[in-house]
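Reader: Hey, can you walk me through this structure? I'm new to reading models.
Author: Sure, let's look at it together.

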Amino acid sequence: MKLVFTLADVDYNVQSISQFLDNSQTAYWTEPIFAFTPQIDRSKIYQLEKQDQELYLRTIFTQLVEENKNTLKAKRIAYQNHWEICLPQITKALNSAFKINLEEEFNDMNAKITFNPICPRSLSEHSFDLFYLNSDKGAVGIAIHEIIHFIWFKVWQEIFHDQAEEYETPHLKWILSEMVVDPIMRDPLLSSINPYFETGCVYDYFYTLFIDNKCILDHLYEMYQQMPINKFMQASYKFCQNHEAEIRHHIETNE
C-alpha cells in the first residue's frame, strides 16, 4: 500500500465543499462547514445560483489557502511522516482482516488535504479528503477508515459482482460499509493508533442504533469474529436487509 498526502488547490476545495452546501443537505452535514469556515455567510450562500456560489467560495478559499500556506505545507509533511511510521502495523492488520496481500495493492492512494471537515472519498480514484486541522495521529486515523472502504469494496465486488453505483449513499451497501469500519477497527493494531477510536470512528448515530436491545455495531462485531471475511460480508448484508426499515428510520431521524 502506498498513500501520498497532497495539498488541494483552491478549485478542488470549492468543489469538495460546494457539494455539501445545497438545500438537500441537513444540518448534520452543513454545520461542520459553517463552524470551521465562519467566513462563509450561510444566509448568502443559499441565495446564490450554483455558478455564483462557486465564485463566492473561490474568493474565500483563495484567501484561506494563502493565509494558511505554511501550516498546510507543515501538515502535509507531518501526515506523511507519521503514516510511514504506522504503515507496517496497518498493513499487517488489514492483511489479516481481509485475507489479502496488500504489499502490491492500493499503491495509488491520495489523501487530499482540504478545508472540508466532512472528508468525502472516491472509491474509483482511491482518494479521500483530509481536513487540515487534524493532528498527524488523527490524519492516520482518518486514513485507516477510508482505506478500509477501498479494500472492503474490492473484496466485496469479487464476491457479489454488483455495480459500483450501489456503493454510494443512500444505498444499503454504503450504509453497511460505513458501519463495518468499527468492527474492523477494534483490532488493537488499528485502534491503538487511531485517536478517534475511543470517541467514535464511524458516524455517531450508529452507536445509538439498537437492534433487539443491542447496538448494531456489536451485532456486526460478533459476526465479524465468528466468520471469514467473505461469509461476514454476506451475513452482515443479510442482517441489514432484514432490519433496513429500522436502520433507515434511525439515520433519517438523526441526520
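What follows is a chat about helices, pockets and a few individual residues.

Reader: Before we start, what kind of model is this?
Author: A predicted one. Keep that in mind throughout.

Reader: OK. How many residues does helix H6 have?
Author: Helix H6 has 25 residues and runs from 136 to 160. From first C-alpha to last, H6 reaches 36 Å. That is close to the 36 Å expected at 1.5 Å a residue.

Reader: Is H6 enclosed or open?
Author: Largely enclosed by the rest of the structure, because 18 of its 25 residues are buried.

Reader: What comes right after H6?
Author: His-161 follows H6, and its phi is positive, near 50°.

Reader: Why would anyone point out a positive phi?
Author: Because most residues other than glycine have a negative phi.

Reader: Where else does that turn up?
Author: Lys-99 is one case, with phi near 50°. Lys-99 sits in the loop between H5 and strand E2. His-126 is another, with phi near 55°. His-126 is in the loop between E3 and E4.

Reader: Lys-99 and His-126: buried or exposed?
Author: Lys-99 is exposed, since its relative accessible area is 66%. His-126 has 18%, so it is buried. The cut-off for buried is under 20%.

Reader: What about odd peptide bonds?
Author: Look at Thr-169 and Pro-170. A cis peptide bond joins them, with omega about 10°. Pro-170 lies in the loop between H6 and H7.

Reader: And why mention cis?
Author: Because most peptide bonds are trans.

Reader: Switching topic. What is the volume of the largest pocket?
Author: About 1500 Å³. The residues closest to its centre are Trp-29, Ile-118, Cys-119, Pro-120 and Tyr-203. In total, 47 residues line this pocket.

Reader: Which elements supply its lining?
Author: Several give at least two residues each. Among them are helices H1, H2, H6, H7 and H12. Strands E3 and E4 also do so.

Reader: How does the lining of the largest pocket divide by residue type?
Author: Into 23 nonpolar, 13 polar and 11 charged residues.

Reader: What about the second largest pocket, what volume does it have?
Author: About 160 Å³. It is lined by 13 residues. Nearest its centre lie Ala-97, Lys-99, Tyr-224, Gln-225 and Met-227.

Reader: Lys-99 again! Which helices line this second largest pocket?
Author: H5, H8 and H10 each give two or more residues to the lining. H10 gives the most, with 3 residues.

Reader: And the residue types in the second largest pocket? What is the split?
Author: The lining holds 8 nonpolar, 2 polar and 3 charged residues.

Reader: Let's zoom in on a single residue. Where does Asn-134 lie?
Author: In the loop between E4 and H6. Asn-134 counts as buried, because its relative accessibility is 6%.

Reader: What does the side chain of Asn-134 reach?
Author: The backbone oxygen of Phe-131, at 3.0 Å.

Reader: What is Asn-134 in contact with, leaving aside neighbours within four places in sequence?
Author: With Lys-75, Tyr-79, Ala-139, Ile-142 and Tyr-196.

Reader: Now a lysine. Where is Lys-173, and is it buried or exposed?
Author: Lys-173 lies in helix H7. At 8% relative accessibility, Lys-173 is buried.

Reader: What does Lys-173 touch?
Author: Not counting residues up to four places away in sequence, Lys-173 touches Phe-153, Trp-156, Asp-162, Glu-166 and Tyr-237. With Glu-166 there is a polar contact of 2.9 Å between the side chains.

Reader: How far apart are Lys-173 and Ser-236?
Author: They are 63 residues apart in sequence. In space they are 10 Å apart, C-alpha to C-alpha.

Reader: One last residue. Ile-85: buried or exposed?
Author: Exposed, because its relative accessible area is 64%. Ile-85 is in helix H5.

Reader: And how far is Ile-85 from Arg-186?
Author: The two are 101 residues apart in sequence and 20 Å apart in space, C-alpha to C-alpha.

Reader: Great, thanks. I'll go find H6 first.
Author: Good plan. Then check how much of H6 is buried: 18 of its 25 residues.

Note on methods: Residues are numbered from 1 along each chain as its sequence is written. This is a predicted model: local features need pLDDT of at least 70, side-chain atom pairs count only at pLDDT 80 or more; totals for chains, interfaces and linings use all residues. Side-chain values use heavy atoms; hydrogens and water are left out. Helices (H or I, at least four residues) and strands (E, at least two) are DSSP runs, numbered from the N terminus. The expected span of a helix is 1.5 Å times one less than its number of residues. Buried means under 20% relative accessible area, exposed over 50%, partly exposed in between (1.4 Å probe, protein chains only). On a 1 Å grid over the protein atoms alone, a cavity is a set of points where a 1.4 Å probe fits but cannot get out, and a pocket is an open set with protein on both sides within 12 Å along at least five of seven lines; lining residues have an atom within 4 Å of a point. Grid points are joined across faces, edges and corners, and a volume is the space filled by probe spheres set on the points. Ala, Val, Leu, Ile, Met, Phe, Trp, Tyr, Cys and Pro count as nonpolar, Asp, Glu, Lys and Arg as charged, and the others, Gly among them, as polar. A polar contact is a pair of N or O atoms within 3.5 Å; within protein, one must be able to donate a hydrogen and the other to accept it, and residues adjacent in sequence count only if both atoms are side-chain atoms. Contact means heavy atoms within 4.5 Å.
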